[in-house]
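Student: I should like to study one part of this protein closely, beginning with a single residue and its setting. Please take me through it step by step, and then show how other parts may be read in a similar way.

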Amino acid sequence: KIYFAIISSGLQTMTAQDGKKYLRRETNQGNKLKNLLTYGGNMMDYYDRFVIVMNKSRAEQLEYLQFLTKLKLFCVLDFDPDSAAPGGVCSSYRESRVANLHLPAQFQPDPSVVIKNLNLYKQTSWVFCNGRHDLESESGRQLDYKDWFKEKRKEIEHMVSFICKPEVLPNGRTLVIFLLLSPVTDRDPIFDTFLAFYSHVEESIVSICESRSTFEKWKDLIQEKCEYDINTQSIYELTLSEVNGTIMSLGPHNQPSGRLLPSSDSSTVVLQQKDEDRLTALDILCQNQCEKVYEENSTEFQDFKIKVEKEFYRGGKVQWWNFYFCEKRKAKPFIRRDKYDNLIKIVKCQTKDPKTTCVLLNLFHHPGCGGTTLAMHVMWDLRREFRCAVLKDNTLPKSEVAFQVKKLMRLGKSDKSQNTPVLLLVDDSKEAENTQTLQDCIRKIVEEDYTGRTVEDSSNSQVIILSCVRSHNPKVQYKHCATESQYISAILTKKEQDDFEEKLVELKESHEKPENFYSFMIMKSNFDKKYIADVVSHTLKDLDMSTKKAQLLFYFALLNSYVAESDISVSLCEDFFGMKMAYWGEDNFVDERGGYKAISILHRDIASACLEELHKSHRINESEITINMLHCDLFFKIGVVKDALMLSIERMLIKRQRRKDGDEKDTQFSPLIEKIHLQEGRDKIQDIFVKASSRFFTSASIPQALARYLYLNQRDFPQALNWAENAKRITENPYTVDTIGQVYKSYLKHNIQNEKQKTPRNPGDLDTNLKLAKNAIKAFQRAQELAMNEDQPDEEADDNLSKSSYNIFGYVGEIETVLTVFEILSKLPFFEEADPVKQKYMQSFLNGKMSINSIPKNDNEINSKYVDIIQEHKSFLLNLKAQVKNVFEFLNDYYTYMKGNDAGDFETRNRTKISEHFKTYITLVCSSPEEISREQTSKPKLRLNMDIEKCRKLLEEKNADTFAGVLHYLDKTAEEMEEILECYKFLQQHCEQITKEKNKDKNNFILANIILSILKPNSKHVKSHKELTDLLMLTLQDIGVQHPLPEPYYLALLLLWPSSNAEDTDIRTYVNSLRNSFRRKLSKFMRMRNTITHFYLGQRKGLERLVPKAKLDECFAHVARKARTNLAQLWRSGDIFKDKKIIDRLCRVNGTIEEGELYANYGKLKIPVRPAYLGGINSGFSTEKVSFFVGFAIDGPLAYDIKYE
């Protein structure tokens, strides 16, 4: 159920006409309001979220709307178009809380995408339902009722439908409040909104109106349309002041002193609510956490304490409250694990001898043995020394998390004050690369502030990441970990066991049946498998296996055994049963995840024991449960909750184990598939994957996994190819196409192994194998082509492949296949590897120096057939050496110029493998050291005259023969630039016939003019802005908008950027082309690097408006050398743009943020711009007016010093 309360201000005044006093007041209106908001309790903790629908407000009402900041608002549907302007309700709310400003249309179509983009659950969504005047745009226009009904009503209905989805806001745990601050009319959009809500939930509505007449009108409208009387459930006598006071008096209360954070020199600062709202990625632990939130002598607090303790000891995640309760008088201390003291010491030592701005500490732990609890216990006891936070969502972009960590570190501090170290908990991140990527991002952003600090400051410029890593071999992983680490396992020391015995005595005094706290009891028993088996056996002995409850338990057991953190939502369970679930029982734990309630078996060991008991006592296997689950239509319908369940099922089927991530071993398939394979073989596996492929019909991972199973385990290559091709048809990406190549390559090697047993050999096998090799190489080349064009690594990529660096697996596959072909050829009678002379023949043939017919050989039928087959595949074979040589050259450059991933064990193994392949390549096909070192044969070029050669040689010597090389001359002298410009002028005049070089030279010529105009504006060599623009337009007309190189579009950015309200519509096209060409050509090599801004937009006109960074630095020429470091730090942090001298040189541009994208606005023209610094714009897709300075980089325009208007 979603309940509604319709609330208005309740302001009552005497009427001017009759001077009557206040209307008769109904008694107990305050209690009725309390009951509405608390569901009959005394604390506002029953409803998880509130939805507000409100109409036009008045200025005098604002001071009585403070209660909005207290409510856990999901969204506000606002019909006041002036609400975001100063003096409006939204503007007032945003003074102390964060709200993202949205439109109804943004709430469709995909719920999971909407939730992520709009920051739902994390920040309030303020939705303008009929105009927004502060935007001064068509989308902000207020409509009359007739137009609103035609244009906007459907959007409102879709939005309401979205809000009422049980997977978005849980049934019965959300209160929708209609806040009527002004009268309603017969034709009022807010009434249509009420009808939209009412159509989804047939529940009573409570109304509070700003006057009796408003209430009577509202009541009549509802009565007439819905035949529904709201009178007995209405509150309309309270003033808005009384409504505000009543709500503010309800607990839980805000801490009177505010939430406090530790700061430098033993001081504290207040964590403002608005700052905490912005740090959406972090659950912040304050030093006065939990204090003075409840009246601790009250019955409500005692009930709350019992509930929280019960949830934890039964298997729920530990809360800060659990530590707080153990610090109270007469309570036993929280149980300290054996490694507690070691972990505390390690954390503290990092701040005393810092070697880097961000340190990573790994805590390896068995699943379910209390690793996260230990880490949070350490944080709790260090909360007065560190600014502590838990990363709430490990899927967020690491750059966003890093920015928020930096904000937490700097809250309440001046530019010169010391930082307070941050202790960040990353919970159960199995992907080591992810945490190390986060560490790199934090280092990068923190070092923006770190530069220029003294050695004394350095110990306070720290972030410590405490990463809890779930592992099946924590001790082994600890021993092999290169970074500082600690581990705990599922074995208790004698002291720990004694502590658990004492805690049980305490629990018996305050709880009924603490022996049902199974998670606690499992640890107390020292993870005794017999105890767990007895618990499971006792629980299942009377369970009717034919019931739906038993079926659902099977599914829980399977999921919780094989997929960490998996669950099924309460709403989905209710749909499965076909009834509401009032209570699930003591055997299971109901856990809240995000915006919904979900159910899971409380401990992984219990889930595994359930599967064993089902098999032992009832002969129910994992394969049977898996197939039954895949046949359940309910689990595979569209929806946020179902999507989460489908993701868990898919992971259960395809997620492999990796020893480097703490698993027991490296596996070729998921543990479930491997177990079923051992127990029941191919038929069951194929049945499961075939059914799964029909359920996950948009996912390539399932047919890809089946293809791998068929060719690796069953050697059924034709069937494997069919499924691999199916995967490619669903999603053609580097990984699915690579699988096709792997099948062909394995097929080829399988044939070779079989042929070794054959006597005599069959020439037809050569033909078959060359065709397989040809198909394999074709697939690998296609995979590499897709990798080159890939903007981002595919989310469905093979989980054993690293996604943090450039994908080279196609190259590796191609090399291996080509070398296999060389090996096949070397076994032929006339190319035998063992005979040096015959090996020379093969090398000569592959180099194209000898035809196959001229190779000396015995004249027999077999050799003749071999020759015919080779002749048929001649083109393919003669290209192999050049192909593989090019691949080796590329990989040599790749490993030379690209910094490797520290965690990339897989990539390291690839590099070793490639080195071995290179040795084989040299042995098989290279005839001399001279040939090995010879450069690849160049393509023929037209003969150049000596003058042109001289120009090009000069440009090459001066490193000015490339666009990037010319850019370097921004820091050189005008005389050097004039010499370079003269060379390009000569080439422009004499090399028009050289098509390949023409556009490149023209681009460099234009850039050289721009740079010289900056270094020496009055130089006679400089062409005018118009001449350069005309020249550039010829190039742009020639290349179109899909040129592979970004340089011409970068010049368009510099020369064609609009001024004032000029609306050059082409500039947006060129910006998009620049971004696309950059992504295709350069982005995959720069995933962890930023581009450099060479020019900024100044206030002058023509070429003079381009301001290089060096010119801005001249503003600080008087700065002493000692302060230069601080100047560099100002650039890194962006604070340089707050200096008046910089502000006076640059042009501030107006813009907007829409749907998470930043635009520079020139009249109706909107040009996409990227924020230059991490966190430059807030998440949440809020529509905002902004202004900023513009910089020009090779990947597009950048925005600096973004200010929200």
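Tutor: Two residues are in contact when they have heavy atoms within 4.5 Å of each other. Please keep in mind that the model is predicted. Serine 844 belongs to helix H33, which spans residues 836-846. Leaving aside neighbours within four places in sequence, serine 844 touches Lys849 and Met850. Buried means under 20% relative accessible area. Serine 844 therefore counts as buried, because its relative accessibility is 18%.

Burial also appears in strand S8, residues 259-262, where all four residues are buried. Arg259 and Leu261 point one way from S8, while Leu260 and Pro262 point the other way. In a regular strand, side chains alternate between the two faces of the sheet. S8 runs antiparallel to strand S9, residues 268-271, and four bridges join the two. One of the pairings links arginine 259 with leucine 271 of S9. Five residues lie between the strands of this hairpin, in which aspartate 265 takes a positive phi near 55°.

Empty space can be described as well. The second largest pocket holds about 940 Å³. It is lined by 39 residues, and the closest to its centre are Asn1150, Gly1151, Asn1161, Tyr1162 and Gly1163. Strand S21 (1148-1154) gives the largest share of this lining, six residues. Helices H43 and H44 and strands S22 and S24 are among the elements that each supply at least two residues. By class, the lining comprises twelve nonpolar, 16 polar and eleven charged residues.

Conventions: Residues numbered from 1 in each chain as written. Predicted model: local features only at pLDDT ≥ 70, side-chain atom pairs only at ≥ 80, totals over all residues. Heavy atoms only, no water. 1 Å grid on protein atoms, 1.4 Å probe; cavity = no way out; pocket = protein on both sides within 12 Å on 5 of 7 lines; lining within 4 Å. Points joined across faces, edges and corners; volume = space filled by probe spheres on them. Nonpolar A, V, L, I, M, F, W, Y, C, P; charged D, E, K, R; others polar. Buried < 20%, exposed > 50% of the residue type's maximum accessible area, 1.4 Å probe, protein only. Pairing = 2+ DSSP bridges.
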